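Student: I'd like a close look at a single part of this model, and then a walk outward to whatever it touches. Could you take me through it in one go?

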Amino acid sequence: MDSKPEQILILESIFNSGMVNPPKDETVRIRKLLEKFGSVGDANVFYWFQNRRSRSRRRQRQMQATLAEEQRNQQAQASGGAIQYEGVSGGGGSTSSLLGFITVFINGVATEVPRGPLDMKAMFGQDAVLVHSSGVPVPCNESGFLMQSLQHGESYFMVNIIGS
């Protein structure tokens, strides 16, 4: 399946809405929706969801391993003669989130971005638009700043607008 960006966006949106293992009748319905953007078979849809579940589980394991490693490092640093306080970071967040950064997934890649207003033009270029995995574009003001913060752990897609 040589997927078009629109097809991937639809599939990701369905997956992120909670339908991670659609039954056969839903697979057929999804295929019919995707065919508006290019040919695709039922098997392609089935295998896409199977692969996406696998990637999601792998990413979750990696994030848990990274978080556990960061917590071990924090504990090792804190126990070097200092008094260790539990729960100071509000539940054991990562070091980067304490410093004002959050991790989001942009086109499937874990990306650290500053918490709060984000200058899209400076970070990603004049023609870049972020679309949440739900399919809703993240609004920007005239200066190129996002009008809402990105959400830690969420998935977004970077789309370049041609001719803007």
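Student: Let's take helix α1: how many residues does it have, and how far does it reach from its first C-alpha to its last?

Tutor: Bear in mind that this is a predicted model. Helix α1 runs over residues 5-16, which gives it 12 residues. From first C-alpha to last it reaches 16 Å, close to the 16 Å expected at 1.5 Å a residue. After α1 comes Gly18, and its phi is positive, near 115°.

Now for burial. The buried residues of α1 are Gln7, Ile10, Leu11, Glu12, Ser13, Ile14 and Phe15. So the buried list takes in Glu12, a residue that counts as charged, along with Gln7 and Ser13, which count as polar. As background, an α-helix has 3.6 residues a turn, so residues three or four places apart point the same way. In α1, Gln7, Ile10 and Ile14 are among the buried ones, as are Leu11 and Phe15.

Phe15 is the one to follow outward. The structure holds 4 aromatic pairs. In one of them, Phe15 meets Trp48 edge-to-face, with 6.4 Å centre to centre and 85° between the planes. That pair links distant parts of the chain, since Phe15 sits in helix α1 and Trp48 in helix α3, 33 residues apart. Both Phe15 and Trp48 are buried. Ring pairs also bring in Phe49, making a cluster of Phe15, Trp48 and Phe49.

Another aromatic pair is Phe46 with Tyr47, again edge-to-face: 5.2 Å centre to centre and 75° between the planes. Phe46 counts as partly exposed because its relative accessibility is 38%. Tyr47, with a relative accessible area of 45%, is partly exposed too.

Phe46 and Phe49 then lead to a cavity. A search of the whole structure finds 1 cavity of 30 Å³ or more, and the volume of the largest cavity is about 30 Å³. Its lining is made up of Asn21, Pro22, Thr27, Val45, Phe46, Phe49 and Arg53. Helix α3 (residues 42-78) gives the largest share of that lining, 4 residues. By type, the lining divides into 4 nonpolar, 2 polar and 1 charged.

To sum up the route: Phe15 of α1 pairs with Trp48 of α3, Phe49 belongs to the cluster with those two rings, and Phe49 also lines the largest cavity.

Note on methods:
Residues numbered from 1 in each chain as written. Predicted model: local features only at pLDDT ≥ 70, side-chain atom pairs only at ≥ 80, totals over all residues. Heavy atoms only, no water. 1 Å grid on protein atoms, 1.4 Å probe; cavity = no way out; pocket = protein on both sides within 12 Å on 5 of 7 lines; lining within 4 Å. Points joined across faces, edges and corners; volume = space filled by probe spheres on them. Helix = DSSP H or I, 4+ residues; strand = E, 2+ residues; numbered from the N terminus. Expected span 1.5 Å × (residues − 1). Buried < 20%, exposed > 50% of the residue type's maximum accessible area, 1.4 Å probe, protein only. Phe/Tyr/Trp six-rings, centres within 6.5 Å; stacked < 30°, edge-to-face > 60°.
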